[in-house]
Structure formats: structure tokens, C-alpha cells
Amino acid sequence: MRRGIWLALLFCLLWLAAAAWPVGAKGESGKTAQLAVVTADQVNVRQGPGVPYRPLANVHRGEAYRLIEVKDGWVNIEWKPNRTGWIAARYVALAKETAVVQENRLRLRQEPSRDGRIIGHLARGETVWIIKEDGGWTEVIADGAIGWVSSAYLTAARESSISHQTGIVNASSLNVRAEPLLKAARVGRLVRGEEVEIVEKKPGWYKIASQTGLDGWVSSAYVQVKGGQANEKEAEAPQSADRSLPSIIAPSDSRLYVDSWTRGPVQALAGKTIVLDAGHGGKDGGAQSVDGIKEKELTLETAKLLKNKLQSYGARVVLTRSSDEYVPLSARVAMARLYQADAFISLHYDSADDQQASGITVYYYDRFADYGLAQSFEDPLSRLAALPFRGVAFGDYYVLRENDRPSVLLELGYVSNRTDAATVATDDYQEAVTAAIADAVRHYFE
């Protein structure tokens with residue numbers, strides 16, 4: 001009898017323990033398991049919650065991992081089965097499930113409102129991570145960008161149906177990669193019209209199996225799911241220089257170009273994101289010389305040339321504007337934050353009442369965050385023969401003061417000075433000054 005009582009008590013204790021056992025993500029359904037989605041191109045997974053801890057591995061933009069714990073600005077994730085590590089919380093967003101976009105060019109807004117500023121567009125068939133919902137709006141992560149879309153144009157992603165989907169390649173040549181990353185090794189190519197089986201989805205990518213036996217990951221933008229609509233984008237270039245086409249729209253609805261990883265002979269800036277801010281634009285013309293040379297036109301020309309040079313070093317380059325358009329200062333700063341810029345460079349041409357004022361000046365705001373970047377420009381710019389280098393100085397400018405990324409503002413000559421204005425408008429000067437700036441950025445990161 002006593003033994004029976006003990007067995008009954010033991011059974012009750014075991015039942016209570018099982019009921020109280022915490023349900024982790026492995027024991028939850030896909031709808032309730034909370035995930036940490038990486039929003040930066042490459043993030044260290046560390047042994048503990050802090051920079052001093054040893055790095056264990058790297059995770060990449062768009063990848064999702066089981067969330068274990070959030071502590072003091074760090075997130076503990078399971079980055080491999082039964083292996084955990086910590087990543088900085090500023091490089092992740094928390095999500096619970098994925099959804100598929102049902103409308104082409106669906107507007108991605110900064111706030112959950114029709115009056116919210118448009119920060120991008122999504123394509124039909126694109127997969128996004130859901131962060132939270134607010135009324136008829138859903139906050140999502142799409143290819144690293146975070147914003148709000150109308151909930152009416154999203155449907156829940158069903159993994160069970162993925163294996164039954166067939167896709168058709170709608171690009172003349174589409175790279176197949178070993179991993180869902182533009183930097184990943186290329187394992188083959190597909191051509192327009194080939195049919196593939198879609199066996200797995202990640203935001204912006206499909207894992208496919210082709211009829212020729214080629215397996216791997218391809219950009220979802222260039223595969224039309226049977227019964228769906230093709231996305232209106234060009235194919236990922238199969239050559240050695242990989243490029244992704246514009247996917248984000250600037251506040252004025254003109255296109256903001258986001259150039260992705262570029263492979264060249266020198267990769268000193270591989271893994272770095274640089275935001276180039278062409279000062280002024282649109283209704284804000286900036287300074288103007290007596291001969292009609294406009295600052296807003298000079299800054300855009302400089303930004304485009306500089307973009308090409310930084311790309312040749314392997315950088316990922318974001319332009320705050322790509323045409324003659326007005327972009328608010330707050331939007332320029334927001335782009336640096338959105339893309340987790342490793343450096344923000346604002347390009348300007350100076351003006352002064354003193355028409356003899358001449359030369360180039362580098363401005364910084366934060367002594368700790370910005371000064372090191374500003375100093376890197378001193379040697380390359382002082383070696384330019386065309387204009388004198390005036391030095392590095394403190395500048396209380398909005399795009400520096402409100403920026404939480406390393407940032408500088410460059411004044412590349414005085415349009416109020418006839419000689420300077422004539423010089424900065426030449427092709428020779430534009431080539432020389434952009435080469436010097438690119439050299440400075442390369443040395444800063446080396």
C-alpha cells in the first residue's frame with residue numbers, strides 16, 4: 001500500500017514537471033517560435049554578450065535563427081543545432097513568421113499609415129518576415145529593410161506547399177549559388193525558360209532543384225512561380241561583377257540605387273557598406289557660382305564617380321539620391337541607419353562672402369565616432385595639386401550631428417571663388433578628387 005502511494009506521488013510529480021517544462025522554439029509551432037532575423041550584411045556570433053568575447057562564426061543579412069534570450073543589448077541565438085552564441089541586438093529584428101507579398105510594387109512605409117513616408121517597394125511573390133501588426137498594417141523585414149505594409153496584400157507563407165511549386169527562370173542567365181548570399185560561390189547557371197522545383201524559401205531567395213540536376217540558391221526576383229507574375233527586374237549578372245538592381249525608392253518616388261557586392265582585383269572594402277550623400281538636390285540647389293555652376297549638380301557627379309571607385313574595392317554603395325531630386329536631411333540620415341553604414345560621406349562644394357576663400361575642408365561632429373574617419377582624408381586630399389587642403393574641422397551639421405554611423409562632410413572647393421569653381425567643374429578634378437576620397441576610405445578600413 002505504501003509503495004502504491006509513493007508511485008502515485010512520483011507519477012504526479014513527473015506530470016507536473018512535464019506541464020511546467022518551458023516550451024522552446026524546437027517544441028513550438030512555426031507560428032509561435034520567435035526568431036532573430038539578421039539585418040546587416042555580416043555579423044559576428046560571439047561566445048558571450050559583449051565585444052571582448054571570442055567570435056565563433058558569422059551570420060548574414062536575411063538569415064533567421066531561433067531566439068533564446070535578449071540581454072543588455074545582445075541577443076542569444078542558436079546559430080547551429082545545439083550551438084548557441086551572441087550577436088549585437090542592433091543588427092537583428094525579432095520576427096515570428098513569414099508572409100508572401102501578393103501585389104507588385106507594394107509600398108513599404110516608414111510608419112503604419114497611408115501618410116507614412118515611402119521607403120521602398122516590394123515585388124509580388126517576395127517573402128518577408130513579420131515583426132508585428134498594428135490595425136491593418138504589418139511591420140516586415142524585406143531584404144534587410146524594415147517598414148510597414150498594408151496587411152491586405154500579404155498572405156501567410158506555408159512551407160508545406162513550397163515543395164509543390166514550380167518556377168520558370170525569367171532571366172537570360174541566372175546564377176545558382178551554394179548559399180542564399182550574393183557573395184556565395186556560384187555552382188552553375190540557369191537560362192531563360194528553364195523549369196525548376198522550389199524546395200525552400202528565404203527572404204529574397206529560392207532553393208531550387210533543376211531538371212539537369214543542378215541544385216542551389218537563386219534570387220527569387222528572377223524566377224516566376226507558375227501561376228504568378230514575373231518581377232520587373234533585370235537578372236543578377238552572371239559575370240564576375242555581381243550587381244543587384246534597385247529595390248528601394250527614395251522619398252520623392254525616384255529610385256534610390258543600392259549597389260551590392262562587386263568583385264574586382266582589389267577587395268579592400270569587401271563587406272563594408274558606404275552611404276554617399278550628394279548634397280542638396282531638387283528645389284535645394286545649394287551654392288552657385290557667378291558662371292552658373294550649381295552645387296547640386298557637382299555633388300551628384302562626384303557621388304556617381306566615387307561610387308564606381310569604391311565598388312572597385314568591393315564596397316557595397318548606397319546613394320541617398322541618384323538624380324536631381326530633393327531628399328530631406330532626416331531621410332539621408334535614416335538611410336545610413338537603415339543600411340547599417342560603415343561610413344557615411346556627405347559631399348558638398350563651399351561658398352563664402354570672401355571670394356578669395358579656396359580649398360577643401362573635411363568636417364566631423366563626434367570626436368570618438370567620426371574623427372578617425374575624418375583624419376583618413378588628410379593625406380590623400382593634401383596631395384591634390386588642384387586645390388589647397390584646409391584641414392579637418394568640427395562641423396555642427398545635421399547629417400553629422402544626428403547620425404549614429406561614422407560620418408564626415410566634405411567641402412570639395414569654393415564655387416564662390418572663380419578659380420575654384422572653374423577647377424571643380426573639370427573632369428580632371430572630379431577624377432582626381434574621387435580617387436583621393438576612395439583612397440582615404442580604403443586606408444581607414446585597412
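Reader: How many helices and strands are in the chain?
Author: The chain has 9 helices and 30 strands. Keep in mind that this is a predicted model. Half of it is tucked away, too: 50% of the 446 residues are buried. As for contacts with a separation of 6 or more, 65% of them join residues 24 or more positions apart.

Reader: What makes Thr273 buried?
Author: The cut-off for buried is under 20% relative accessible area. Thr273 has 2%, so it counts as buried. Thr273 belongs to strand β25, residues 273-278.

Reader: Which residues does Thr273 touch, leaving out those up to four places away in sequence?
Author: Thr273 touches Asp41, Arg316, Val318, Tyr339, Gln340, Ala341, Asp342 and Ala343.

Reader: Gln340 is on that list. Why does Gln340 count as buried?
Author: Its relative accessibility is 14%, and buried means under 20%, so Gln340 makes the cut. You'll find Gln340 in the loop between α4 and β27 (343-350), just after α4.

Reader: What is the phi of Gln340?
Author: It's near 50 degrees, a positive value in a residue that isn't glycine. Most residues other than glycine have a negative phi. Asp72 is another non-glycine with a positive phi, about 50 degrees. Asp72 sits in the loop between β4 (64-71) and β5 (74-80).

Reader: Why is Asp72 called exposed?
Author: Exposed starts over 50% relative accessible area. Asp72 comes in at 70%, so exposed is the right word.

Reader: How do you know that the length of helix α9 agrees with its number of residues?
Author: Helix α9 runs over residues 427-445, which makes 19 residues; at 1.5 Å a residue they should span 27 Å. The end C-alpha atoms are 27 Å apart, so the two values agree. For helix α3, residues 295-312, the 18 residues should span 26 Å, and the end C-alpha atoms are 26 Å apart, so that agrees as well. Just after α3, Gly314 has a positive phi of about 95 degrees.

Reader: Which residues of α9 are buried?
Author: Among them are Tyr429, Val433, Ile437, Ala440 and Val441. An α-helix has 3.6 residues a turn, so residues three or four places apart point the same way. In α3, the buried ones include Leu298, Leu306, Lys307 and Leu310.

Reader: What makes the largest nonpolar core a core?
Author: A core is a set of buried residues of the nonpolar kinds Ala, Val, Leu, Ile, Met, Phe, Trp, Tyr and Cys, joined through side-chain atoms within 4.5 Å. The largest such set has 42 residues, and those with the most contacts inside it include Leu310, Phe377, Leu412 and Ile437. Helix α9 gives the most to this core, 7 residues. Leu310 touches Ala438 and Val441, among others. A second, separate core has 17 residues, including Val43 and Trp86.

Reader: How about pockets: what lies in the second largest pocket, in Å³ of space?
Author: About 510 Å³. It has 22 lining residues, and the closest to its centre are Gln42, Val43, Asn44, Tyr91 and Asp342. Strands β2 (42-46) and β6 (83-88) are the elements giving two or more residues to the lining. The largest share, 4 residues, is from β2.

Reader: By class, what residues does the lining of the second largest pocket have?
Author: That lining has 9 nonpolar, 6 polar and 7 charged residues.

Key:
Residues numbered from 1 in each chain as written. Predicted model: local features only at pLDDT ≥ 70, side-chain atom pairs only at ≥ 80, totals over all residues. Heavy atoms only, no water. 1 Å grid on protein atoms, 1.4 Å probe; cavity = no way out; pocket = protein on both sides within 12 Å on 5 of 7 lines; lining within 4 Å. Points joined across faces, edges and corners; volume = space filled by probe spheres on them. Nonpolar A, V, L, I, M, F, W, Y, C, P; charged D, E, K, R; others polar. Expected span 1.5 Å × (residues − 1). Buried < 20%, exposed > 50% of the residue type's maximum accessible area, 1.4 Å probe, protein only. Contact = heavy atoms within 4.5 Å.
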